[in-house]
Amino acid sequence: MSQGPRSGLAAVSSALLAMSRHLEVRDVLKTIVASARELLDAEYAALGVPDDHGGFAQFVVDGVSDEQWKAIGPLPRQHGILAAMLREAKAERLADVRKDPRFEGWPSAHPEMADFLGLPIRDGDEIIGALFLANKRCPRPNGACGFTEEDEDLLSILAQHAAIALTNARLYERSRELTIAEERSRLAHELHDAVSQKLFSLRLTAQAAAALVDRDPGRAKGELQQVAALAAEAADELRAAVVELRPAGLAEDGLVATLRTQVQVLDRAHTARVTFTSRGVRALPAAHEEAMLRVAQEALHNALRHSGAERVEVALERHDGAAVLRVTDDGGGFDPASIRRAGRHLGLVSMRDRASGVGGRLTVESAPGKGTTIEMEVPGG
């Protein structure tokens with residue numbers, strides 16, 4: 001809670017340092033809101049980060065208790081004054097927000113607000129948030145109160161630095177996610193090498209045992225015992241790797257949320273536009289979700305690393321009692337006639353194995369210069 005106004009260079013410096021101190025996006029948002037409210041001595045402050053569906057991906061408030069916030073209900077939509085700030089990209093300073101023709105009301109548990117100051121937070125041409133304050137707490141001699149032009153200028157400075165802090169926090173989180181992905185890839189290569197060696201040794205030992213069965217049963221028995229030991233070691237390594245490689249978010253968040261998050265990360269990390277849509281898919285058995293996620297990751301890797309695509313679309317939907325995953329790109333494509341040669345290079349063999357392993361099927365449509373569509377269908381959903 002704010003303890004009263006602070007003014008001058010020291011106050012601004014303190015607010016900017018507080019914003020730059022955090023690396024997590026949520027912490028940065030909270031710090032921006034608290035700093036703005038204290039710096040301008042407002043009763044309420046909030047910051048919304050818009051999503052692509054007319055709502056807010058994140059919405060942080062200061063000055064409202066947890067009980068009040070729960071009573072207010074769902075996050076606001078992008079309408080009224082909030083929509084104006086996001087759409088018109090300019091500051092809004094109002095003596096009474098309730099009298100503005102764009103005002104569309106608020107929930108019954110929402111606190112009463114009058115004077116209002118808000119402006120967008122911009123990263124270049126992109127609006128990445130809307131920051132606003134309400135109910136200035138410093139009365140003027142005539143009893144009136146409200147935000148001044150000086151307040152607007154100060155909040156504008158704060159918003160510019162908020163954009164830097166928020167962008168840095170987002171980059172940090174994306175970097176961390178990509179590092180995790182790279183670590184999983186490294187573990188996968190290590191797993192492949194280790195298990196391949198174990199299986200090679202197991203095959204040679206089994207061949208030796210077969211050759212010794214007739215002429216030296218005692219030695220053959222020893223070789224078979226070695227086969228059993230090698231098989232146990234391989235099983236242990238596989239089990240440990242599966243636990244380590246399993247995406248952390250899949251068990252907690254489910255396939256839809258995990259895919260959406262990964263697509264958002266890839267969209268920000270690559271020049272190609274990567275999108276995700278989902279319709280009607282219910283929770284699937286864990287093995288089905290794991291297989292579909294792995295196929296999506298492999299298909300996305302191919303599209304973004306090898307195809308030269310400018311646009312990649314990932315869709316997950318329910319169709320005739322089945323869950324259907326579709327990854328489509330507008331890249332260079334390839335000749336299906338050469339599928340046997342290209343299949344192993346593009347991971348199509350492992351994708352088909354994953355699909356068939358859960359009772360599903362994988363289809364590939366492609367042509368030179370016409371892009372590629374990889375579709376996986378599994379029962380359920």
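This briefing covers two nonpolar cores, a strand hairpin and three single residues in a predicted model.

Residues are numbered from 1 along each chain as its sequence is written. Local features need pLDDT of at least 70 and side-chain atom pairs count only at pLDDT 80 or more, while totals for chains, interfaces and linings use all residues; side-chain values use heavy atoms, with hydrogens and water left out. Helices (H or I, at least four residues) and strands (E, at least two) are DSSP runs, numbered from the N terminus.

**Nonpolar cores**

- A nonpolar core is a set of buried Ala, Val, Leu, Ile, Met, Phe, Trp, Tyr and Cys residues joined through side-chain atoms within 4.5 Å; buried means under 20% relative accessible area, exposed over 50%, and partly exposed in between (1.4 Å probe, protein chains only).
- The largest such core has 36 residues, and M292, L325 and M376 have the most contacts inside it.
- At least two residues of this core come from each of α7 (248-269), β6 (273-279), α8 (286-305), β7 (311-319), β8 (322-329), α10 (348-357), β9 and β10.
- Helix α8 gives the largest share of this core, nine residues.
- Leaving aside residues up to four places away in sequence, L325 is in contact (heavy atoms within 4.5 Å) with ten-residue-list members including L259, M292, V295, I374 and M376.
- Another core, of 30 residues, lies apart from the largest one and has V33, A36, A42 and L155 among its members.

**Hairpin of β9 and β10**

- Strands β9 (residues 361-366) and β10 (residues 372-379) run antiparallel and are joined by six bridges; two strands pair if DSSP finds at least two bridges between them.
- Side chains alternate along β9: L362, V364 and S366 are buried on one face, while R361, T363 and E365 point to the other and are not buried.
- R361 stands opposite E377 of β10.
- Five residues separate the two strands in the hairpin, where G369 has a positive phi near 80°.

**K136 and D41**

- K136, in strand β5 (residues 126-136), counts as buried because its relative accessibility is 11%.
- The side chains of K136 and D151 make a polar contact of 3.1 Å, that is, a pair of N or O atoms within 3.5 Å; within protein, one must be able to donate a hydrogen and the other to accept it, and residues adjacent in sequence count only if both atoms are side-chain atoms.
- K136 also touches D41, among others.
- D41 lies in the loop between α2 (25-40) and β1 (42-50), is buried at 6% relative accessible area, and has a positive phi near 55°.

**A89**

- A89, in the loop between α4 (80-88) and β3 (92-94), has a positive phi near 55° although not a glycine.
- At 25% relative accessibility, A89 is partly exposed.
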